[in-house]
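The following briefing is meant to be read beside the sequence and the 3D view. It takes up charged pairs, one loop residue and the overall fold in turn.

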Amino acid sequence: MPKIIYNHADGTHDVVDAPAGTSVMRAAVTGGVAGIVGECGGQAMCATCHVYVRPERLAGLPAVSEDEDEMLDCAAAGRDSERSRLGCQLFAGEAFDEIEVDVPESQS
Ligand code: FES
């Protein structure tokens, strides 16, 4: 099963096994991972699912869509031109089999 590793600013991390088709946002919300809100339910309209993908995990991810690009500019923690993604737009088993992300200190 695809695996998602969420690293937190305090040095702790969560590991969630995500069924194929589950987004990085949905797996966090249902798995009780702190720091990812998913306010819009995955419609790329809130940026409260913002994550920084670890550099070694960027290869092979789908390109940022126009909607995602616009929302990332609104992310509370500030956008990283290489690493920032919306967690609701990255799907286990499609975009990745294993991914590691850093959770921003704040989503609002
Ligand atoms: S959940 Fe709202 S943009 Fe991802």
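E68 and R85 are both buried in this predicted model, and the two side chains form a salt bridge whose closest N and O atoms are 2.8 Å apart. This pair links distant parts of the chain, since E68 belongs to helix α2 and R85 to strand β4 (residues 84-86), 17 residues apart. The points below set the pair beside other salt bridges, and then turn to a loop residue and to the chain as a whole.

**Salt bridges**

- The count of salt bridges in the model comes to seven, and the pair of E68 and R85 is one of the bridges found in the structure.
- In general, side chains that carry opposite charges can pair when their charged atoms come close.
- R54 and D102 also meet through their side chains in a salt bridge, with an N to O distance of 2.9 Å; this pair again links distant parts of the chain, with R54 in the loop between β3 (50-53) and α2 (66-72) and D102 in strand β5 (residues 98-102), 48 residues apart.
- The two partners fall into separate exposure classes: R54, with a relative accessible area of 26%, is partly exposed, whereas D102, with a relative accessible area of 18%, is buried because its value lies under the 20% limit.
- A further salt bridge joins the side chains of R79 and D73 at 2.9 Å, N to O; here R79 is partly exposed, with a relative accessible area of 33%, while D73 is exposed, with a relative accessible area of 58%.
- Some salt bridges share partners, and in this way R54, R83, E100 and D102 are joined into one network.

**The loop residue L58**

- L58 is placed in the loop between β3 and α2, the loop that also holds R54.
- With a relative accessible area of 23%, L58 counts as partly exposed.
- Once its neighbours within four places in sequence are left aside, L58 is in contact with V53, E82 and R83, and R83 is itself a member of the salt-bridge network.
- E100, another member of that network, lies 42 residues from L58 along the chain, and the C-alpha atoms of L58 and E100 are separated by 9.4 Å.

**Fold and dimensions**

- The protein chain contains two helices and five strands, which follow one another along the sequence in the pattern β-β-α-β-α-β-β.
- The radius of gyration of the protein chain is 12 Å, which agrees with the value near 13 Å that a compact globule of 108 residues would have.
- Along its principal axes, the C-alpha trace spans about 30 × 30 × 25 Å.
- Of the contacts between residues at least 6 apart in sequence, 64% join residues that are at least 24 apart; the bridge between R54 and D102, for instance, joins residues 48 apart.

**Surface and charge**

- Among the 108 residues of the protein chain, 44% count as buried, including both E68 and R85.
- The accessible surface of the protein chain comes to about 5500 Å², and carbon and sulfur atoms account for 44% of that area.
- The protein chain carries 7 positive and 19 negative side chains, and the centres of these two sets lie 4 Å apart.

Conventions: Residues numbered from 1 in each chain as written. Predicted model: local features only at pLDDT ≥ 70, side-chain atom pairs only at ≥ 80, totals over all residues. Heavy atoms only, no water. Helix = DSSP H or I, 4+ residues; strand = E, 2+ residues; numbered from the N terminus. Rg over C-alpha atoms; globule rule 2.2 N^0.38 Å. Buried < 20%, exposed > 50% of the residue type's maximum accessible area, 1.4 Å probe, protein only. Contact = heavy atoms within 4.5 Å. Areas by Shrake-Rupley, 256 points an atom, 1.4 Å probe, with all protein chains shown as cover. Lys, Arg positive; Asp, Glu negative; His and termini not counted. Charge placed at Lys NZ, Arg CZ, Asp CG, Glu CD. Salt bridge = Lys/Arg side-chain N within 4 Å of Asp/Glu carboxyl O.
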